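The following exercises call for close inspection of side-chain contacts and backbone geometry. Each task is followed by a solution that proceeds step by step.

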Amino acid sequence: MSRTAQNYEFQQWWNKQRHSFLDSSDDNPPSSSAAASSSSSSSSLAVDLTSSPTATTKGHHTRSARQLSWLWLLRFHKLTASVAWLTDSSISLLRTANRRISNHHRSPSAYSSSSRLNKIIRIFLILVLLLLFLELLAYRRGWHFTPPSVESAEALVERLYAKWLEIRADYLAPPLQYLANVCIVLFLIQSLDRAVLMLGCFWIKFRKLKPIPPVSYAAPDVEAAENYYPMVLVQIPMCNEREVYQQSIAAVCIQDWPRERMLVQVLDDSDDPDTQVLIKGEVQKWQQKGVQIVYRHRFVRTGYKAGNLRSAMSCDYLKDYEFVAIFDADFQPAPDFLKKTIPYFKGNDELGLVQTRWAFVNKDENLLTRLQNINLSFHFEVEQQVNGIFINFFGFNGTAGVWRIKALEDCGGWLDRTTVEDMDVAVRAHLSGWKFIYLNDVKCLCELPESYAAYKKQQHRWHSGPMQLFRLCFVDVLRSKLSVGKKANLILLFFLLRKLILPFYSFTLFCIILPLTMFLPEAELPAWVVCYVPGLMSILNILPAPRSFPFIVPYLLFENTMSVTKFNAMISGLFRLGSSYEWIVTKKLGRSSEADLIVLAEKESDPLVLESSGIRLDNLNKLEASKKTVKRKRNRLYRKELSLAFILLTAAARSLLTAQGIHFYFLLFQGISFLVVGLDLIGEQVS
């Protein structure tokens, strides 16, 4: 389209707008002077616009002063709104941080190993601040551009700075560079492992590889049901699970499985009497509906979850049961869960475990749950599926799985020697020759921790337990009858690379070495290590959850932020520090699922059931009402994360003196990430 045609269209649009403006002016007449001015300007503008298109100014459209003023007024309005929003957000953030700092009370159950690490990080922070002060002084006096030597230095401060340059070049930079090179090699090995896993996942998708059950429980004859369906035990271990006990019990009790061939055990380790009454009442509701369900409570809670499961498996009435399905209290299996998992055991006597995938009802609740969803999607979609297809071994996830009871008995049953009893029993079953199957298309709904406090405690347990187990089973792995390849996979990949090396290099490389290289520039960390390879690995990790691509940068930063927790847990588990044996139940909030199983249970419940069972209905109603009153919670401060935030931000300020672009931006955003986590601004916010 030519410029003349464009001008003509603009003239038509402007005339239309002018007429509408004049019509509105007639309805609301302005003052005489303003009307005269408006009329004259409109008339002159109309003459200009209705003239020939060739009468316009050469090279561009003509614009009136009114157009320009409205345009700039609109831009100014947008700018003011943005500044107001930023100011509002900053003030709110500062107030929140100030309130949490002033109300911070240190938890009396602080980890001893965490306190040691916190002291080391604080000393490191003081050292970094001193080095920054020294570098700023050198920069102010010009020594940064023309470094002085000890011989040519005149002032005492100049001589000390020259001596410092010699010490850092001859004694400090070489070992730091060596450690950096070691971490880079470990980083590349771990990145290669991730890439190989992704290739295996792509191959599975391309070839459509998946386990195929030899039989199906679609529509068997009623007469053959007694021999057709095996005896299945379903266990629900729980401890003070007020928020979620109803939905888990309801989900299990509505399983599409013959009731005479299924027994449900509710294994309640709660130490709260009110919670015990509530759970017992829920069990008795389902007993009156014909479900074979029993309530078990231990008075001595030894061994935590492993002790609870071991105690339940010792019951005499379980001798006829062949399989056991385990669900944590926040898990809600679909009604056809057993029909989709039990068939894989038929005709496969070497199969000991069928593990299914987790699906999360609250994955979009906040930023923390979105980032967890990325991690766990990669774990199930890639790690578990690839290991299940090609090796027939993976770590049992502790829930949403079905075990052959004979396999559990063969490997020694549940042991409470570590905080990862699920991984422990899986490794021992693998050493005994049992095989595992992972079903990626069978999903079980559950909850993600929504607060950073709950997530941090969960990650501490998940990363300290494997190191406890590695120390205990290392000799057993070497003595086992497994092939050399499977032994190497178990020791080098399963334990060392993914459980020990990953948290070690993540914390050391990005939280210690990188800030130090800013103050010891003789030791260098390449830009591809800081930015490009981590970015590529983040893209690979996020592929199983493609909807989470907008969160790729927060995911990369948050994973580095969590490295301090995982490193601390790994060290405490490896060296048997006190905190490694502490078991803390992950807090759940009772998010309802899409099936709304609680409503289903309430609709089918009979109020007379509780009266006949010896539980007064009015007392239970009071307990149900008290269940809704949540204990007062508060957001807290995390000292290690805050100290590391100041270390990284200090190193970012130092990198400005040498104009290291990528390093500066990485340190800046990583420091902000640590600051946000340290102030507990990620996850659930308690007002």
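**Exercise 1. A histidine contact**

Which backbone oxygen does the side chain of His 463 reach, and at what distance?

Solution. The model is a predicted one. Step 1: locate the residue; His 463 belongs to helix H14, which covers residues 452–479. Step 2: identify the partner; the side chain of His 463 reaches the backbone oxygen of Gln 459, at 2.9 Å. Step 3: assess the surroundings; His 463 has 16% relative accessibility and therefore counts as buried.

**Exercise 2. A network of salt bridges**

Determine which residues are linked with Arg 654 in a network of salt bridges, and describe the pairs involved.

Solution. Step 1: recall the principle that side chains of opposite charge can pair when their charged atoms come close. The cut-off applied here is a side-chain nitrogen of Lys or Arg within 4 Å of a carboxyl oxygen of Asp or Glu. By this rule the model contains 24 salt bridges.

Step 2: examine Arg 654, which forms a salt bridge with Glu 135, with 3.5 Å between the closest N and O atoms. This pair links distant parts of the chain: Arg 654 is in helix H21 (residues 639–657) and Glu 135 is in helix H4 (residues 112–140), 519 residues apart. Both Arg 654 and Glu 135 are buried.

Step 3: examine Arg 168, whose side chain meets that of Glu 522 in a salt bridge at 3.0 Å, N to O. Arg 168 lies in helix H5, whereas Glu 522 lies in the loop between helix H15 (484–519) and helix H16 (527–542), so the pair ties together parts that are 354 residues apart in sequence. With 6% relative accessibility, Arg 168 counts as buried, whereas Glu 522, at 36%, counts as partly exposed.

Step 4: combine the pairs; Glu 135, Arg 168, Glu 522 and Arg 654 are linked in a network of salt bridges.

**Exercise 3. A salt bridge from strand to loop**

Which residue forms a salt bridge with Asp 441, and where are the two partners placed?

Solution. Step 1: the partner is Lys 210, and the closest N and O atoms are 3.0 Å apart. Step 2: Asp 441 is in strand E7 (residues 435–446), while Lys 210 is in the loop between H5 and helix H6 (225–228); the pair links distant parts of the chain, 231 residues apart. Step 3: Asp 441 counts as partly exposed because its relative accessibility is 46%.

Step 4: continue along the strand to Cys 446, which is also placed in E7. Cys 446 has 1% relative accessibility and so counts as buried. The C-alpha atom of Cys 446 is separated by 8.7 Å from that of Asp 328, although the two residues are 118 apart along the chain.

**Exercise 4. Aromatic pairs and charges over rings**

Classify the ring pair of Phe 396 and Trp 403: is it stacked or edge-to-face?

Solution. Step 1: a pair of aromatic rings is described by the distance of the centres and the angle of the planes. Centres must lie within 6.5 Å, and planes over 60 degrees apart count as edge-to-face. By this rule there are 26 aromatic pairs.

Step 2: the ring centres of Phe 396 and Trp 403 are 5.6 Å apart and the planes stand at 85°, so the pair is edge-to-face. Both residues, Phe 396 and Trp 403, are buried.

Step 3: compare Phe 494 and Phe 495, an edge-to-face pair with 5.1 Å centre to centre and 85° between the planes. Phe 494 and Phe 495 are both buried.

Step 4: turn to charged groups over rings. Arg 75 lies over the face of Trp 72, 5.2 Å from the ring centre. Lys 289 lies over the face of Trp 286, 3.7 Å from the ring centre.

**Exercise 5. Positive phi values**

What are the phi values of Tyr 304 and Asp 680, and how accessible are Tyr 304 and Asp 680?

Solution. Step 1: most residues other than glycine have a negative phi. Step 2: phi of Tyr 304 is positive, near 55°; Tyr 304 is in helix H9 (residues 304–313) and, at 38% relative accessible area, is partly exposed. Step 3: phi of Asp 680 is also positive, near 60°. Asp 680 is placed in the segment after helix H22 (661–678), and its 3% relative accessibility means that Asp 680 counts as buried.

Conventions. Residues numbered from 1 in each chain as written. Predicted model: local features only at pLDDT ≥ 70, side-chain atom pairs only at ≥ 80, totals over all residues. Heavy atoms only, no water. Phe/Tyr/Trp six-rings, centres within 6.5 Å; stacked < 30°, edge-to-face > 60°. Buried < 20%, exposed > 50% of the residue type's maximum accessible area, 1.4 Å probe, protein only. Lys NZ or Arg CZ within 6 Å of the ring centre and 35° of its normal. Helix = DSSP H or I, 4+ residues; strand = E, 2+ residues; numbered from the N terminus. Polar contact = N/O pair within 3.5 Å; in protein donor to acceptor, adjacent residues only side chain to side chain.
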